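Q: I should like to learn how to read the features of a protein structure that is new to me. Where should one begin?

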Amino acid sequence: MRDAGLSLPRNDPRQYDDLAGEWWRPDGAFAMLHWLAEARAAMVPPATRPDALLVDLGCGAGLLAPHLVGKGYRHVGVDLTRSALNQAAAHGVTVVNGDATRVPLVDGCADVVAAGELLEHVPDWRAVVAQACRLLRPGGLLVLDTLNDTALCRLVAVRIAERLPTVPRGIHDPRLFVDHRELVAECARHGVDLRVRGVRPAVPGLLRWLLRQVRGAATPPGQTPRIVPTGSPAVLYQGRGVYGG
């Protein structure tokens with residue numbers, strides 16, 4: 001399953017159908033997406049009004065959903081991959097089959113827009129940013145994480161990561177990685193003051209996880225690697241910003 005991308009071009013969306021059974025496996029091909037979803041949800045405060053809406057662009061199978069429980073949002077997920085959306089719906093997400101560059105939702109509908117591990121997979125990330133900002137109501141919050149357009153990121157996220165036990169080969173096209181300074185400037189152009197910080201898996205937890213993978217052992221509950229801040233956004237980074245309206 002981890003080699004589904006070998007027969008397809010890099011970043012081909014059909015990989016997600018080939019890997020549909022991996023989404024909710026804690027040690028599967030999308031294990032790191034679980035860690036990132038938890039870290040992304042930690043940037044989302046509890047809702048401040050009864051009908052608060054969170055729009056999850058590129059929601060995949062809804063990995064953000066368990067981490068939003070109790071925060072008071074209606075969770076709407078937008079994605080192109082129907083096999084993933086079917087799983088998101090089973091986890092309580094209201095699903096929309098659509099393109100993140102042309103989201104079929106009205107202006108100003110969202111209290112929060114999340115775009116996790118999405119921008120580095122789309123041919124026009126600026127169009128996704130425009131859509132995300134369009135959806136926010138004044139004072140609304142944008143949260144995201146993505147991969148930086150640096151030589152170090154290409155080394156770590158492609159050449160090294162794709163040699164690890166569960167990372168699918170060909171899942172990323174490094175030509176689509178997003179420079180953090182350009183992203184901050186683009187968000188500002190659309191009224192969002194985005195602040196970014198570098199993040200990474202905590203090293204002790206990651207090493208223990210990798211050792212379990214080599215041994216074929218499952219990760220015990222509560223022992224998945226945590227995503228922690230790091231001094232540089234050169235590889236993986238989070239962004240959080242408020243829409244000024």
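A: Let us begin with a term that will be needed throughout: contact means heavy atoms within 4.5 Å. The model shown here is predicted. In it, the buried residues of helix α2 are covered by elements that include β4, β5, β6, α7 (203–215), β7 (227–230) and β8.

Q: Which residues of α2 are buried?

A: A residue counts as buried when its relative accessible area is under 20%. In α2, this holds for A31, H34, W35, L36, A37, A39, R40 and A41. Helix α2 spans residues 31–41 and is mostly covered, since eight of its 11 residues are buried.

Q: How many helices and strands does the protein chain hold, and how is its overall compactness to be judged?

A: The chain has seven helices and eight strands. Its radius of gyration is 17 Å, close to the 18 Å given by the globule rule for 245 residues, so the chain is as compact as a globular protein of that length. Along the principal axes, the C-alpha atoms fill a box of roughly 50 × 40 × 35 Å. Of the 245 residues, 55% are buried. The accessible surface comes to about 11,300 Å², and carbon and sulfur atoms account for 56% of that surface.

Q: What do the contacts say about how distant parts of the sequence are brought together?

A: One considers contacts between residues at least 6 apart in sequence; in this chain, 74% of them join residues at least 24 apart.

Q: How should one read the interior?

A: In soluble globular proteins, nonpolar side chains tend to be buried together. Here the largest nonpolar core has 31 residues, and those with the most contacts inside it are V55, L57, V113, L142 and L183. Two or more residues each are given to this core by β1 (53–57), β2 (74–79), β4 (110–116), α4 (125–135), β5 (136–147), α6 (180–189), β6 (192–201) and β8 (236–243). The most comes from α4, with six residues. Another core lies apart from it, with 22 residues, among them A29, L64, L68 and V112.

Q: With which residues is L142 in contact, leaving aside its neighbours within four places in sequence?

A: The contacts of L142 are V113, A132, L136, C187, V192, L194, G239, R240 and G241.

Q: Is V78 buried or exposed?

A: V78 lies in strand β2. This residue is buried, because its relative accessible area is 1%. Not counting residues up to four places away in sequence, V78 touches V55, D56, L57, G58, C59, V96, G98, V103 and L105.

Q: How does one read pairs of charged residues?

A: Side chains of opposite charge can pair when their charged atoms come close. This structure holds 15 salt bridges. In one of them, the side chains of E162 and R10 meet, with an N to O distance of 2.8 Å. That pair links distant parts of the chain: E162 is in the loop between α5 and α6, whereas R10 is in the segment before α1 (15–18), and the two are 152 residues apart. E162 is buried, with a relative accessible area of 9%, while R10 is partly exposed at 36% relative accessibility.

Q: Which residues form further salt bridges, and which are linked in a network?

A: D12 and R14 meet through their side chains at 2.7 Å, N to O. D12 is buried, with a relative accessible area of 11%, and R14 is partly exposed at 49%. D149 forms a salt bridge with R154, where the closest N and O atoms are 2.8 Å apart. Both count as partly exposed: D149 has a relative accessible area of 35%, and R154 has a relative accessibility of 32%. A network of salt bridges links R126, E182, E186 and R189.

Q: How far apart are V78 and D149?

A: A separation can be given in two ways: V78 and D149 are 71 residues apart in sequence and 25 Å apart in space, C-alpha to C-alpha.

Q: Which residues make a nonpolar patch on the surface?

A: L152, L155, V156 and I160 make a nonpolar surface patch of about 310 Å². L152 is found in helix α5, residues 151–160, and is partly exposed, with a relative accessible area of 43%. An α-helix has 3.6 residues a turn, so residues three or four places apart point the same way.

Technical notes:
Residues numbered from 1 in each chain as written. Predicted model: local features only at pLDDT ≥ 70, side-chain atom pairs only at ≥ 80, totals over all residues. Heavy atoms only, no water. Core = buried A, V, L, I, M, F, W, Y, C linked by side-chain atoms within 4.5 Å. Buried < 20%, exposed > 50% of the residue type's maximum accessible area, 1.4 Å probe, protein only. Helix = DSSP H or I, 4+ residues; strand = E, 2+ residues; numbered from the N terminus. Patch = residues over 30% accessible without salt bridge, like charges linked within 9 Å, V, L, I, M, F, W, Y side chains within 5 Å. Areas by Shrake-Rupley, 256 points an atom, 1.4 Å probe, with all protein chains shown as cover. Salt bridge = Lys/Arg side-chain N within 4 Å of Asp/Glu carboxyl O. Rg over C-alpha atoms; globule rule 2.2 N^0.38 Å.
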